[in-house]
Amino acid sequence: MSEECNGKCNDCTKMDACTDSKKEQLEQDILKLRMSKIKHKIAIISGKGGVGKSTVTVNLAIAFALHNHANKVGILDADITGPSVPKILGLHGQRFQVGPPGIFPVPGPLGIKVVSMDFLLENDESPVIWRGPLKMGAIKQFLSDMLWGELDFLFIDLPPGTGDEPLSIMQLIPEMDGTVIVTLPSELSEIVVKKSVTFSRQLNVPLIGVIENMSGFICPKCGEKVNIFKTGGGQKIAKDLSVPFLGSIPIDTDICSDSDNGIPFITEHANSPATKALKEIVKKIEQFLGV
Ligand code: ADP
């Protein structure tokens, strides 16, 4: 509303601008209200794609749900152009349910509430070729129009990189608890992680820590660990940058096949070294959050 507003909207030359600004304010208020019902919001970031960010997001969400938070965990798949969370959770092909109170996230295993662009795509071949503002509009709606309900944790699987898009998404979400960086144990990844650390620090979002994924391969026959990439890169960089190191998840061929088949890895392979590593990581995140 402009300063000289006399309340007579129909005669006002600034009516359009004023209406837009009121609408924007209302949208902001709704978004804040929805997010205020979620106790902890954690963004999973990676400097580049293909490091297992979505796989780790999904398995962390399941691990938290298993750890006394069933029906209280959500995942926002914020990768509009490359959504992969539904596929990993066996929800690919599902659609949002719309009811009188609004739009519901798609329920996954252990009652995990999932919101992803994938639930709106007509078919697998449809690429999303939206530009930035349209993508941001979709994310805003995912945050504010969805009936998330009361959650203990919301995991936000950000698009890879440290560019404009993940940055804008981070700025949309109020009171973010922190970021978790997923990386590979290679020197190239070390350089990229530094960017993710700076990204988080510049946004003043606490850094929960670094996870080194695909850290060695444990031979299923003899149990020996083979370091396919370098080893200890994640740990070293966490130390160099004074960031907590959350743990290393080994390469496990079951992670890959379970993800492809939409089977939750950590419930299916409860005693595998990768599951144990994920559960240790959950403890460290809980400690950070004081849960
Ligand atoms: P990102 O989200 O970083 O692009 P994804 O989570 O889509 O990466 O993972 C890329 C591929 O790597 C997928 O096929 C996934 O199943 C596989 N993958 C991820 N982590 C592991 C792991 N620890 N062991 C084996 N395969 C993995």
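User: How do the residues of the shell around the ligand divide by class?

Analyst: In this predicted model, the shell around the ligand holds 6 nonpolar, 7 polar and 2 charged residues, where Ala, Val, Leu, Ile, Met, Phe, Trp, Tyr, Cys and Pro count as nonpolar, Asp, Glu, Lys and Arg as charged, and the others, Gly among them, as polar. Local features need pLDDT of at least 70 and side-chain atom pairs pLDDT 80 or more, whereas totals for chains, interfaces and linings use all residues. Residues are numbered from 1 along each chain, and side-chain values use heavy atoms, without hydrogens and water.

User: Which residues come nearest to the ligand?

Analyst: A residue is near a molecule if one of its heavy atoms lies within 4 Å of it; of the 15 residues around the ligand, Gly-50, Lys-53, Ser-54, Thr-55 and Asn-213 come nearest.

User: Which atoms of Thr-55, Pro-250 and Asp-252 lie close to the ligand in polar contacts?

Analyst: A polar contact here is a pair of N or O atoms within 3.5 Å. A polar side-chain atom of Thr-55 lies 2.5 Å from a ligand oxygen, while a backbone N or O atom of Pro-250 lies 3.0 Å from a ligand nitrogen, and a backbone N or O atom of Asp-252 also lies 3.0 Å from a nitrogen atom of the ligand.

User: Which elements supply the shell around the ligand?

Analyst: Helices (H or I, at least four residues) and strands (E, at least two) are DSSP runs, numbered from the N terminus. Helix H2 (53-69), strand E9 (207-218), strand E11 (245-251) and helix H8 (253-261) each supply at least two residues of that shell.

User: Where does the ligand sit?

Analyst: A molecule sits in a pocket if more than half of its atoms lie within 2 Å of its grid points, and the ligand sits in the largest pocket.

Technical notes. Polar contact = N/O pair within 3.5 Å; in protein donor to acceptor, adjacent residues only side chain to side chain. 1 Å grid on protein atoms, 1.4 Å probe; cavity = no way out; pocket = protein on both sides within 12 Å on 5 of 7 lines; lining within 4 Å.
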